[in-house]
Amino acid sequence: MQLATRLIQLRKQKGLSQQALADAVGLHVTQIKRYESGATQPSLEALKKIALTFGVSTDSLLFDEAERGPSDELRLQFEAVSHLPPEEQRVVREVLESLIIKYQVRRWDSQRTAAQ
C-alpha cells in the first residue's frame, strides 16, 4: 500500500478532515492534499509530525508489514530464541551481530573493489 493510501485511511479512521490533519501537523491543507494524492512526498520532518499525530511509527506509514519484518521462518526462530534463558539469548545476539558485521564488511569491500 502506498503512503498516500495509508494517510487517507489513518485520517479517516481518526475522523479527521484534511484541514484538521493539517492543523494538527502544522502544515497547510494544500500540502496534505498533495500527500494524499501522491503528487508529493512529505519531508522527514513532516513524516515525523504525521506519525506522532496518528500515534504510529514512521515505518508503518512507509512500509507494508511484510516489507520490514523477518520471514515466517525467521520469525519462528526468533520466537524460539525468546524462550531461551537470558545468557543463551545474549550468545544468539552476539552470533547474529558478528554475522551481520561480516556480511556488511564483505559488501563494503566488494563495492570498494568495484569502484576502483
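# Notebook: helix packing, salt bridges and a surface patch

**Entry 1: α2 against α4.** I started with this pair and noted that α2 and α4 are roughly perpendicular to each other. The model I am looking at is a predicted one. I pulled up the numbers behind that first note: the two axes cross at roughly 110 degrees and come within 9 Å. The word fits because angles of 65 to 115 degrees count as roughly perpendicular. I also looked up the hand of the crossing, and α2 passes α4 in a right-handed one.

**Entry 2: α2 against α3.** Next I took α2, residues 18-25, with α3, residues 29-37. Their axes lie 8 Å apart, and the packing angle is about 110 degrees. I therefore wrote this pair down as roughly perpendicular too. Here the hand of the crossing is right-handed. A reminder to myself on what to jot down for packed helices: the angle between the axes and the distance between them.

**Entry 3: one residue in α4.** I clicked on Ile-50, which sits in helix α4. Is Ile-50 buried or exposed? Its relative accessibility is 0%, so I logged Ile-50 as buried. I then took a C-alpha distance from Ile-50 to Leu-27 and got 9.9 Å, with their positions 23 residues apart along the chain.

**Entry 4: two loop residues.** I went on to Gln-41, in the loop between α3 and α4. Gln-41 is exposed, and its relative accessible area is 56%. From the C-alpha of Gln-41 to that of Gln-31 I have 9.3 Å, for two residues 10 apart in the chain. The other loop residue I checked was Ser-57, placed between α4 (44-54) and α5. Ser-57 comes out as partly exposed at 40% relative accessible area. Its C-alpha is 9.6 Å from the C-alpha of Leu-47, and these two residues are 10 apart along the chain.

**Entry 5: salt bridges, the count.** How many salt bridges does a search of the whole structure find? I got six. As background, side chains of opposite charge can pair when their charged atoms come close. I looked at some of the pairs one by one.

**Entry 6: Arg-6 with Asp-64.** The side chains of these two meet in a salt bridge, 2.3 Å from N to O. I wanted to know which parts this bridge joins. Arg-6 is in helix α1 (residues 3-13), while Asp-64 is in the loop between α5 (58-62) and α6 (65-68), so the pair ties together parts that are 58 residues apart in sequence. The two partners also got separate labels for accessibility. Arg-6 counts as buried, because its relative accessibility is 7% and buried means under 20%. Asp-64 has 30%, so I put it down as partly exposed.

**Entry 7: Asp-72 with Arg-75.** This salt bridge is 2.8 Å, N to O. Both residues belong to helix α7, and they are three residues apart, about one turn of the helix. Asp-72 counts as exposed at 58% relative accessibility. For Arg-75 I noted 38%, which makes that residue partly exposed.

**Entry 8: Arg-90 with Glu-94.** In this salt bridge the closest N and O atoms are 2.2 Å apart. Why about one helical turn between them? Because Glu-94 and Arg-90 are four residues apart in helix α8. Arg-90 is partly exposed, at 31% relative accessible area, and Glu-94 is also down as partly exposed, at 43% relative accessibility. I followed the contacts further and found a network of salt bridges that links Glu-87, Arg-90 and Glu-94.

**Entry 9: a nonpolar patch.** Last, I turned to the surface. Which residues form a nonpolar patch there? I listed Leu-74, Phe-78, Leu-96 and Ile-100, with about 330 Å² of accessible area together. The elements giving two or more residues to this patch are α7 (72-81) and α8 (86-115). I checked Leu-74 by itself: it is found in helix α7. Leu-74 is partly exposed, with 38% relative accessible area. I note that 38% clears the patch cut-off, because patches are made of residues with over 30%.

Technical notes: Residues numbered from 1 in each chain as written. Predicted model: local features only at pLDDT ≥ 70, side-chain atom pairs only at ≥ 80, totals over all residues. Heavy atoms only, no water. Patch = residues over 30% accessible without salt bridge, like charges linked within 9 Å, V, L, I, M, F, W, Y side chains within 5 Å. Areas by Shrake-Rupley, 256 points an atom, 1.4 Å probe, with all protein chains shown as cover. Salt bridge = Lys/Arg side-chain N within 4 Å of Asp/Glu carboxyl O. Buried < 20%, exposed > 50% of the residue type's maximum accessible area, 1.4 Å probe, protein only. Axes fitted to C-alpha atoms, helices over the stretch in contact; angles between N-to-C directions. Parallel < 35°, antiparallel > 145°, perpendicular 65-115°, else oblique. Left-handed = near helix turned anticlockwise from the far one by under 90°.
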